[in-house]
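Got the viewer open and a coffee at hand? Here is a walk through the model, one selection at a time.

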Amino acid sequence: MTADELVAFAEDLARIAAAGGGPQALAEHLAASTGVAVVVEGIESKRLAAVGRSTHGEARTVPIASGDSKFGELRVFGDGGAELDRVMRLTASAIALELSREAAGEPGRRRAFWERLITRAHTDAAAARDDAAARGIVAASHYVAVALESEHSEERNALRTAALAAFRSSDADGGFLERGTALLFFIPAPREIDAANARTAASLLPRAIAKSHPHPHLNGGVGTRVALVELQQSLQQAQAALSIARRLHGPGRIGVYEDLGAYPLLLSGAGAQALREFSRRTLAPLRAYDEKHQTELERTLRLYFSVGENVKTAAAELNVHRHTVFYRLRQIGEISGCKLDDPHDQLTLRMAIAIDALTT
Amino acid sequence: MHSQPDGYKRPATKREVLRLAKERNVRFIRLAFADVLGVGKNVSIPVSQLEAALDGKVTFDGGSIDGFVRGEELDMVLVPDPQTFALYPWSTPESAEARLLCDIAMPDGSPFEGCPRTMLKRACEETRGALADPRVALEVEFYLFESHESEYGSTSTPDVGSYFDYSANDRGEEARSAIVSALQSMGVEVASAHHEHGPGQHEIDFPHGGVLEAADALLTLRTIAKHVAARYGLEATFMPKPLEERAGSGLHVNFIAGGGEDTTLYGIGGLLAHAPAMTAVCNATVNSYKRLVAAWDAPIYTVWSERSANALVRVPPNETPQQIEMRSPDPACNPYLALAVLVSALADGIEQHTLPGDPLVGSTYDLSEHDRRERGIGTLPKSLRQAIVELDGDPVIRAALGDHIYHALRDAKLAEYERYRRAVHAWEHRAYLRLY
């Protein structure tokens, strides 16, 4: 490891700890960075974390301690390179910090706060923010949940590191939980641009780890921007988006809930009210544009679909030149955020129009 | 569409320059360079001194040039770049005049940190990790006005044309064609040229090429356009906003950063993040800020879009390779400094993984304050003074300029702003003289 790599390793440890990663996540980072197997034992040899198969043979051991307090030992199996001692000491320090928080009985452990939020233990925004502050968390007004999943531990480790770097925020604290093979991130989004950047950053993750993992097994989903106490809703959306992305596109894709159009409705078996809301939300941008600019984009779209996507016939029905229809279709694509030549986006628009026709 | 003359090859070595000078009967050579304000300067030497000049033995008084080492009588050295050797278009087979663009060096031969051309090379070198080989194209707008004997020139135009118009009796069209021919004869490639929005306004586009070549091309255009226009009884001006009621003249800088979708997004993020601070460099006159208003598709907000004509950064979709167009600079800027800060902003965005938010659909002029806040959209500075405050607060852009040029530019621009602030303008007479 070069000095810069060592610094980067320490920074990643800090990000994992700051996001509430815990001993297991810290141990996985050490294992992923050095190729060793790792065991973290607390006092009385209680196993707190383990990564890797070859936990036999001679181990290198570093105490996990903070000042005079000893919390356990970090054990490593295998050849981890020239700087193994240093990276072990850095990792042990980060784990000591985590364990000292637990030992101090801080109910404000960061992870517990996010656990409470996603089980809707908080319904009042002010109480949630107070709870966060008591746990040393600077909470934003709004968040976006991102769910990532990979069954391959190496890829998951790379994904965790890349995601922690990509989702860094200077505005407020983010959250991070691990659930089996899933990594859950809660990204501060006080403004809409923060949510837009979270969606983009998530979508770029497969590319970010493509060098080390050219054949991705991962999937991911991004929920909508919600108020802090509504985080559970964003997480459910993220998990639905993950599931839809995997089924529709296979591995290596991140689904963004807002871009999935009709599919979340189909997945959840939505009721009449949800269908009407979906139709209204999908067509709203076109209607707002039509009203403001006295245009006929919605009518053009309906007609275009009803004549079997025949531009010439649509132009005749609308009494305009076919170039005008092409121009309007391009406008419709931009304003609705749907690509008319994409079958998934077409389904969304066709369903929105069909539901509207049936319910109004 | 114009093309470069067949068989033109830039000389690469001192030996080739000496041979060409002899073959073409060159009598005088102008050793040209730009000061910190972007104004072209030159020292003319007889051909007998060419070899010495190419050896870096021609000096000039650096104390007499804005932004160099004013106040000190220090002989600076001109270091010609052989690849910029070109004959001026007024050369004849019997008697030719050539130019060489130069870097400025210290008397001991070391690079001078106040040389804009050297600074651009350094910026390209320092950003090579993020931007291996950026390509840049320029769209340069300017006006051709009737040339009258007056202290400050005139603003009457020789035509009534508009966008892409062609008129057989338009002296402006003829002058523009002559400018393009002159540029091509000097080895400056031109992609296209056309009439712009307003009467008298024209555009010349340079194709994608190296960053240094683009800056050299703009400096050459500004010099040549004035010479050629004068032959048609016209005056070429690259002043950003010569007429209140007509479109200003912009300099659209079109980058190909390379890399994939992520590189493009991060590059856009870098340009938007550093746009306010770059304004002091890319819009460096008090007049520049009369162009940056909500009219004539001038950009005023730090926002990007795929199609909107008035977004600061425009990224046309589905292009290969992907292009990133920065639309705020104006052609009165120092092209070396402007391209140095733009390249540095792009590279910083790529290195820091700066994301730009979602692209805007529609006109930026329609954005409400609430929309701008939610979308994280900032406003470009509204005056040169405000732009300097933004520059002071951006360490990336300051570092791109280097300490020497940052302070020289800052001092010069603060003084310029103060002179402007104290001046009593014609508008004030119209508004107040009789009213009060």
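## Start at a loop in chain B

Select B:Pro321, which sits in the loop between β13 (313–314) and β14 (324–326) of chain B. Keep in mind as you click around that this is a predicted model. Now add B:Thr320 to the selection: the peptide bond joining B:Thr320 and B:Pro321 is cis, with omega at about -5 degrees. As background, most peptide bonds are trans, and most residues other than glycine have a negative phi.

## Two loops with a positive phi

Stay in chain B and go to B:Asp297. You'll find B:Asp297 in the loop between α7 (288–291) and β12 (304–305) of chain B. Its phi is near 60 degrees, a positive value in a residue that isn't glycine. Is B:Asp297 buried or exposed? Neither quite fits: B:Asp297 counts as partly exposed because it has 17 other C-beta atoms within 10 Å, and a residue needs 20 or more to be called buried.

Jump to chain A for another case, A:Glu309. This one is in the loop between α12 (297–306) and α13 (311–318) of chain A, and the phi of A:Glu309 is again positive, near 60 degrees. With 13 other C-beta atoms within 10 Å, A:Glu309 is partly exposed too.

## Zoom out on chain A

Show chain A alone as a cartoon. You should count 15 helices and nine strands in chain A. Along the principal axes, the C-alpha atoms of chain A fill a box of roughly 85 × 45 × 35 Å. Of the 360 residues in chain A, 41% are buried. For contacts in chain A between residues at least 6 apart in sequence, 62% link residues at least 24 apart.

## A covered helix

Next, select residues 22–34 of chain A, which is helix α2. How far apart are its end C-alpha atoms? They are 19 Å apart, which agrees with the 18 Å expected for 13 residues at 1.5 Å a residue. α2(A) is mostly covered, with 12 of its 13 residues buried. Among the buried residues are A:Leu26, A:His29 and A:Leu30, and also A:Glu28. Step just past the end of α2(A) and you reach A:Gly35, with a positive phi of about 80 degrees.

## Strands β1, β3 and β4

Move along to strand β1 (residues 37–42) of chain A. β1(A) runs antiparallel to strand β4 (residues 69–77) of chain A, and six bridges join them. To see one pairing, select A:Ala37, whose bridge partner in β4(A) is A:Phe77.

Add strand β3 (residues 59–66) of chain A: β3(A) pairs with β4(A) in the antiparallel sense over eight bridges. Here, A:Ile64 has A:Gly72 as its bridge partner in β4(A). β3(A) and β4(A) make a hairpin with two residues between them, and A:Gly67 in the turn has a positive phi of about 65 degrees.

## The five-stranded sheet

What is the strand order in the open sheet of five strands in chain A? It goes β6-β7-β5-β8-β9, with mixed pairing. The edge strands are β6 (175–179) and β9 (253–256) of chain A, each pairing on one side only. From one strand to the next, the twist averages 15 degrees.

Start at the β6(A) edge: five bridges connect β6(A) to strand β7 (residues 182–188) of chain A, and the two run antiparallel. For a pair to click on, A:Glu178 has its bridge partner A:Leu183 in β7(A).

Now bring in the helices. Helix α7 (residues 192–203) of chain A lies across β5 (142–149), β7, β8 (219–227) and β9 of chain A, at about 175 degrees to β8(A). Helix α9 (residues 231–249) of chain A lies across β5, β7, β8 and β9 of chain A, at about 150 degrees to β8(A).

## Into the core

Show both chains again. The largest nonpolar core has 224 residues, and A:Val146, B:Leu339, B:Ala340 and B:Val341 touch the most other members. Pick B:Leu339: leaving out residues up to four places away in sequence, B:Leu339 touches B:Leu120, B:Val136, B:Val211, B:Ala214 and B:Ala215.

## Last stop: where the chains meet

Finish at the contact between the chains, which takes 12 residues from chain B and 12 residues from chain A. On the chain B side, α6 (261–282) and α9 (369–374) are the elements that give two or more residues. Color that side by residue type and you get three nonpolar, four polar and five charged residues.

Notes. Residues numbered from 1 in each chain as written. Chains lettered and ligands numbered in written order. Predicted model: local features only at pLDDT ≥ 70, side-chain atom pairs only at ≥ 80, totals over all residues. Contact = placed C-beta atoms within 7 Å. Helix = DSSP H or I, 4+ residues; strand = E, 2+ residues; numbered from the N terminus. Nonpolar A, V, L, I, M, F, W, Y, C, P; charged D, E, K, R; others polar. Pairing = 2+ DSSP bridges. Axes fitted to C-alpha atoms, helices over the stretch in contact; angles between N-to-C directions. Expected span 1.5 Å × (residues − 1). Core = buried A, V, L, I, M, F, W, Y, C linked by C-beta atoms within 7 Å.
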